[in-house]
Amino acid sequence: MVKELTTTSGNWNEELIYLLFDQFTSVKILKIYINIYSKNKMIWTFTTHGDFTTKSFQTHLNSIAGGPYNLNDTTFPWKIFWAVKKLALKVHNFMWILLHNGIEVAHKVGRFVEGVPIECHFCNVADETADHLFLHCPFAQAILFASPLGLRLDNNEVTIETLVANWLLLKDDDYHFCLGSNLFWAISKARNTLVFERKQVYIDAVLQQGHYWFNLYYKENYDPMIQSHPQEHTTTPAHEMIRWSPPTEGTIKINIDAAIKNWRSSNAAVTRDHQGVLIGAETSISNYCIPLIAEANGFVLAVKLVNRMVFEKFVIESNSLTMIQILKGELTRFPWRIISILNELRTATSRFPQVEYNFMSRRANDTGHILAKFVVKHNVHELWTSSQPPSCISSALLADVV
Ligand SMILES: [Zn+2]
């Protein structure tokens, strides 16, 4: 029984776990978030949402058998692919590897190395296959849609191979292929930054990186030092213009953010009223390093902070697209790793008549972002009141109301 591995306060019994299991297993167990109020539930670990599906069973059987090789070398327009000139060589090579299923995504690695999580690092909702990572993940979809491609994929069956082949056959001077390839390359870089450097990545930054390499090679005589404003096919992503806005009177807004450093995560919640006046702020530190768990904990921190106040209506703003989609009911299945946190959040918000969740670009969430980074660096678990705001965010607070 798992219960026998916990203390009376509901936390893991570290001493007992280290006694019973080897160090590797113990560390993995201790990283699992437990909620003492949740009921036990059977979980099918071959899907990220924990429910059994025949597709996941089939995929598991395929993976044991070695997996299918899916590129059709005879019908793919390789001649056109290699004739493209306006693409950086490193991006061209990257696309060749991607089309040959050679990118080391978690799903592939997890087939051979036991203990490697196979979930997508951006959303934790699905297995990290190449098609998911670059096409169907909410993170990739937000990038492809916000880019000049304006790509919205309603069909989950679309694969990288079919999409790229279509781009190549467009006769649009390779515009779609070059821009799409640079965006894929930027997504791949962002994924590696998140996985190997444990740094947070942002949609705006990935778009900028993709545009930069696209402009540099696609446009003749493009000088990045002079041409700072995107022209022709490129447009400024709409959210670059977005800035923090106050809530309506009688409602408070809590901006939250999480930061991860040295295998620990921090959360910050900054609460303001309709005039942009700080009401309170709180931070916390934990050992959960999976980005989605860290972000989910930020929502719990925000609700706990509001529970100490007299307000009945509040809106929580976060730059975690996945969490906002889950809380708005836009994703039907949740990653099982955060189910107990979502239950805790539902219980904590049940007494409030009005709770809203907003996605907000990091550019409009300076206060939460700066505070979360400060906290993980200086290891501060603290509660601030309106009369004594945290000094590191004082100028960001002012800038938001100017
Ligand atoms: Zn994903």
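**Helical core and mixed sheet in a predicted model**

The buried residues of helix 8 (138-146) pack against helix 7, helix 10, helix 11 and helix 13 (321-327). In this predicted model, the residues of helix 8 that count as buried are Phe-139, Ala-140, Ile-143, Leu-144 and Ala-146. Two of these positions, Ala-140 and Ile-143, recur in the largest nonpolar core, which has 43 residues and in which they are listed, together with Leu-133, Phe-134, Ile-187 and Val-206, as touching the most other members. At least two residues of this core come from each of helix 5 (89-99), helix 7, helix 8, helix 9, helix 10 and helix 11 (203-218), and the greatest contribution, nine residues, is that of helix 10. The contacts of Phe-134 illustrate how this core is assembled: when residues up to four places away in sequence are left aside, Phe-134 touches Ala-140, Ile-160, Phe-184 and Ile-187. Apart from this core lies another, of 40 residues, which includes Ile-252, Ile-260, Ala-269 and Tyr-288.

Helix 5 shows a division between its buried and exposed positions. Val-91, Phe-94, Met-95 and Leu-98 are its buried residues, and because they cover an arc of only 100 degrees around the axis, they lie on the same side of helix 5. An α-helix has 3.6 residues a turn, so residues three or four places apart point the same way. Leu-89 and Asn-93, by contrast, are exposed on the other side of helix 5. The buried residues of helix 5 are covered by elements that include helix 7, helix 9, helix 10 and helix 11. After helix 5 comes Asn-101, which has a positive phi, near 60 degrees.

Positive phi values also occur in two loops between helices. In the loop between helix 6 (106-112) and helix 7 (130-136) is Asn-124, a residue other than glycine with a positive phi near 60 degrees. Asn-124 has 24 C-beta neighbours inside 10 Å and therefore counts as buried. Lys-171, located in the loop between helix 9 (160-168) and helix 10 (175-196), likewise is a residue other than glycine with a positive phi, here near 55 degrees. Lys-171, however, is exposed, because 7 other C-beta atoms lie within 10 Å, where a residue with 12 or fewer is taken as exposed.

The strands of the model form an open sheet of six members in the order 5-4-1-2-3-6, with mixed pairing. Strand 5 (354-359) and strand 6 are the edge strands, each of which pairs on one side only, and from one strand to the next the twist averages 15 degrees. Helix 12 (residues 291-307) packs on this sheet, where it touches strand 1 (251-261), strand 2, strand 3 and strand 4 (313-318), and the direction of helix 12 makes about 145 degrees with that of strand 1.

Within the sheet, strand 2 (residues 264-272) and strand 3 (residues 278-286) are paired in the antiparallel sense over eight bridges, with Thr-271 standing opposite Gly-280 of strand 3. Five residues lie between the strands of this hairpin, in which Gly-276 adopts a positive phi near 80 degrees. Strand 3 is also joined, through three bridges, to strand 6 (residues 383-385), and these two strands run antiparallel. In that pairing, Ala-281 stands opposite Trp-384 of strand 6, while the bridge partner of Glu-282 in strand 6 is Leu-383. In a regular strand the side chains alternate between the two faces of the sheet.

The confidence of the prediction varies along the protein. The average pLDDT is 79, and 78% of the residues score at least 70. Two stretches in which pLDDT stays under 50 deserve separate mention. For residues 63-70, where pLDDT stays under 50, the model has six contacts beyond four places in sequence. For residues 223-241, where pLDDT also stays under 50, the model has 20 contacts beyond four places in sequence.

Notes: Residues numbered from 1 in each chain as written. Pairing = 2+ DSSP bridges. Helix = DSSP H or I, 4+ residues; strand = E, 2+ residues; numbered from the N terminus. pLDDT = per-residue confidence, 0-100. Contact = placed C-beta atoms within 7 Å. Axes fitted to C-alpha atoms, helices over the stretch in contact; angles between N-to-C directions. Buried ≥ 20, exposed ≤ 12 C-beta atoms within 10 Å, placed from the backbone. Core = buried A, V, L, I, M, F, W, Y, C linked by C-beta atoms within 7 Å. Arc of directions from axis to C-beta.
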